[in-house]
Amino acid sequence: MLSLYVDGDRWRAHLRAVHAAHPRLVPVAKGNGYGFGVGRLARRATWLGVDTLAVGTYGEVEEAAARFDGDILVLTPWRPFVEEQYPEAVRSPRVIHTVGRLSDLEALIARGDRPRVVLERMTSMLRHGFAARELREAVALWAEHGGCRLEGVSLHLPLAQGSHLSEVERLMTDVVAAGVPAKRVWVSHLSKSELASVEAAYPDFEVRPRIGTGLWLGDRGALRARATVLDAHPVVRGDEYGYRGRTAPRHGTILIVSGGTAHGIGLAAPTGPNDLRSRAASIAKGGLDAAGFVRSPYMIDGKQRLFAEPPHMQASMLFLPAGSRVPDVGEEVDVRVRFTATTFDRTLVS
Ligand SMILES: *Cc1c(COP(=O)(O)O)cnc(C)c1O
């Protein structure tokens, strides 16, 4: 079993601190729910007492809406095909749609039920959104027809490489020039001081920071991923093992631990020295990476262990060289995971 242990007091204290620092916080619950699941995060958003929760897609609306009473902002822009794919979510009066194309705004206006929309301005991310001129056209279209409720403007900024402020300033100039009547801007990836600068520079705008990683995963010390040891097999050099009939490069133990590709284990490139020089040094020392073993995310007694072969669906095979302590079957070992790419079998919040 791959388990996520959460130090509940510490985690909740962190969530409260982030909310206190950002009273207009919009928590983001999407995808694998940052390792916790969308439903659990929606319940936490209720507990935090925020008025709006952001989800990634229309497919996530139902799970969030069942556990959170407020408004639900869908981050992936509305497209005509979602009307058929998610007929209930797209019509919910609690849902706020993100719109980034004029044809989509026209279609939403034509729907006739006054949907709630946020106009997304394209950023240097170049993912979704209106160019400056299109944003002006969108506001003009809205002014002419009405037909939807404008809930503000959205800016999805890249992860910080230095300051975002000059980009935000340029984009906000476009927003102001477009005359967007709803004075609210939904932003991502701004630091606390950047948010304060934007608030000071545009005092008539309400700034709504959308935060996922920094909220749910902001205090890593409160989180611990652990895998159960399932089996252990002593091997001598030359013994065959695994799907591919490999042979053990020396004496040791093949250790079977829970966690595999289905959990998202081992999909990331292994870290550590793999340039030619360090590989040559490793070969010279008879190192196990020289045998073609790659580092696994499993940690045993503080040591990062090697995969004996690539992870299987729900279990992984590790190689422990002779002389290392072999953990007991049923014991749990630490795993270093990317929470946004990991599906846990269970989550235990203390
Ligand atoms: C995922 C996402 C966020 C939250 O990003 P984090 O890095 O997890 O804080 C904010 N806005 C948009 C549009 C997103 O897709």
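Which residues have the most contacts inside the largest nonpolar core? The structure is a predicted model in which local features need pLDDT of at least 70 and side-chain atom pairs count only at pLDDT 80 or more, while totals for chains, interfaces and linings use all residues. Residues are numbered from 1 along each chain as its sequence is written, and side-chain values use heavy atoms, with hydrogens and water left out.

The largest nonpolar core (buried Ala, Val, Leu, Ile, Met, Phe, Trp, Tyr and Cys residues joined through side-chain atoms within 4.5 Å; buried means under 20% relative accessible area, 1.4 Å probe, protein chains only) has 90 residues. Those with the most contacts inside this core are Trp11, Phe36, Leu105, Leu119, Trp216 and Tyr298. At least three residues come from each of domain 1 (7-218) and domain 2 (223-349), with bounds from an automatic or database domain assignment. A second, separate core of 11 residues includes Tyr241, Ile254, Phe293 and Met317.

Eight strands (DSSP E runs of at least two residues) form an open sheet with parallel pairing (at least two DSSP bridges between two strands), in the order E2-E9-E8-E7-E6-E5-E4-E3. Strands E2 (26-27) and E3 (52-55) stand at the edges; each has a single partner strand, so one side of each lacks a neighbour in the sheet. Four bridges join E5 (residues 95-99) to E6 (residues 116-121) in the parallel sense, and Thr98 has Val118 in E6 as its bridge partner.

His14 lies in helix H1 (residues 8-21), a DSSP run of H or I with at least four residues. His14 counts as buried because its relative accessibility is 16%.

Technical notes
Buried < 20%, exposed > 50% of the residue type's maximum accessible area, 1.4 Å probe, protein only.
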